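I opened this one to look up a few strands, a helix and some ring pairs. My notes follow in the order I checked things.

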Amino acid sequence: MKILISNLPKNPWWGEGTPEYDDNPAMNLGIKPNQKIVEQEWINLKNSLLSLPCSLEIVPFPKLLDSNNPSNWKHDYIFMRDLFISNQNGDVVVARFKEKERQAEEEIIEEWLRRQNLNVHVLPFNKNYSMEGGEFYFCKKENILFAGVARNNSIGNEKTAELLNVSELIQLETNAFHLDTIFTPVINNENKLCLIICCKDLMNKNSFDKLKKLSNILGIEILNISPKDAIGTPNKLGSFAVNCLPLPGYLINAAQFTSKNVMAALKSHKINYVKVPLTQFHLSGGSAHCLTNEL
């Protein structure tokens, strides 16, 4: 497996202040990340990923987006997860963003992916598809695709699942802009799905029932966490601890889970837990899962 992260832009990341998206409570208009901390946290993430039993590739930040003029772009290319979804078997589907400011990123990543000897799929333009990678978690061994339906829509998820040739698509409705802000699977050393961590309070009943049904079939446990370990509530932002990169035998995130049952379960399944603080990236509502992607 190859892990991808984007390099940082040469110009300060959101050096003129972050934009604001209506559905992302973490983003407040005009907030400027501390660039020294941005750089150090990015280096710490890179070094942590280099220590894992997988290869790491650093994708160049596009010159076209690397501007110190905030009127040019409202981009989040640093969040490599958003840009595409892969079945880790040579097929990738490029994102289809709702935000017009981010649509240029689709063409940029498509061009890069096509140079990687991959089977690159683009959603057709004959329907109103929407899809971005932060709404997905793919479990290769079971060939299951978990998908949110906030920024994604159902037809976007269904078409993506078809193009990736997944066996089962499980769509989950949440009170969050991305599924990865309230949910993560955990993968054991045999690359099998062994745990599901999610915030039941931020998911509708029908969606949680889907997870319970799957957990019964697979014989795995669902670990319910509080909103403070997820995206949080309208009154108080959470830690994004659940925004994890799950790899075989590893779980990488940026904040400690407050739920003791999570840490005990990870230990019982012999999961190596790696925490890399990413405070400045949280200002855009992103964390470990958002900054990474897999091929």
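How many residues sit between β3 and β4 in their hairpin, and which residue in the turn has a positive phi? I count four residues between the two strands, and Q88 is the one in the turn with positive phi, about 60 degrees. Note to self: this is a predicted model.

**Entry: β4 and its neighbours.** I looked at the pairing on either side of β4. Strand β3 (residues 84-86) runs antiparallel to β4, with three bridges between them. I85 has V93 of β4 as its bridge partner. Strand β5 (residues 119-121) is parallel to β4, again through three bridges. Here V93 turns up once more, as the bridge partner of H121 in β5. I then followed the chain from β4 through helix α2 (residues 103-114) to β5, and that makes a right-handed β-α-β unit.

Next I checked burial along β4 (residues 91-94). In a regular strand, side chains alternate between the two faces of the sheet. On one side I find D91 and V93, on the other V92 and V94, and all of them are buried, which leaves both faces covered.

**Entry: helix α4.** I took the span of α4 (residues 205-218) first. Its 14 residues reach 20 Å from the first C-alpha to the last, close to the 20 Å expected at 1.5 Å a residue. Then burial: S207, F208, L211, L214 and S215 are the buried residues. Looking down the axis, I see these buried residues within an arc of 115 degrees, so they line one face of the helix. The face turned away from that buried side carries K205, K213, N216 and I217, which are exposed. What covers the buried residues? I find several strands, among them β7 (144-148), β8 (168-172) and β11 (221-224). Right after α4 comes G219, with a positive phi near 70 degrees.

**Entry: aromatic pairs.** I searched the whole structure and got six aromatic pairs. W13 with F79 is an edge-to-face one, 6.0 Å centre to centre with 85 degrees between the planes. W13 lies in the loop between β1 (2-6) and α1 (35-50), and F79 in the loop between β2 (55-59) and β3, so this pair ties together parts 66 residues apart in sequence. Both W13 and F79 are buried.

I also looked at W13 with F281: the ring centres are 5.1 Å apart and the planes at 35 degrees, so that pair is tilted. F281 is in the loop between β14 (272-275) and α6 (288-291), 268 residues from W13. Both W13 and F281 are buried. Putting the rings together, I noted one aromatic cluster formed by W13, W14, F79 and F281.

Technical notes: Residues numbered from 1 in each chain as written. Predicted model: local features only at pLDDT ≥ 70, side-chain atom pairs only at ≥ 80, totals over all residues. Heavy atoms only, no water. Buried < 20%, exposed > 50% of the residue type's maximum accessible area, 1.4 Å probe, protein only. Pairing = 2+ DSSP bridges. Right-handed = clockwise from strand over helix to strand, strands pointing away. Expected span 1.5 Å × (residues − 1). Arc of directions from axis to C-beta. Contact = heavy atoms within 4.5 Å. Phe/Tyr/Trp six-rings, centres within 6.5 Å; stacked < 30°, edge-to-face > 60°.
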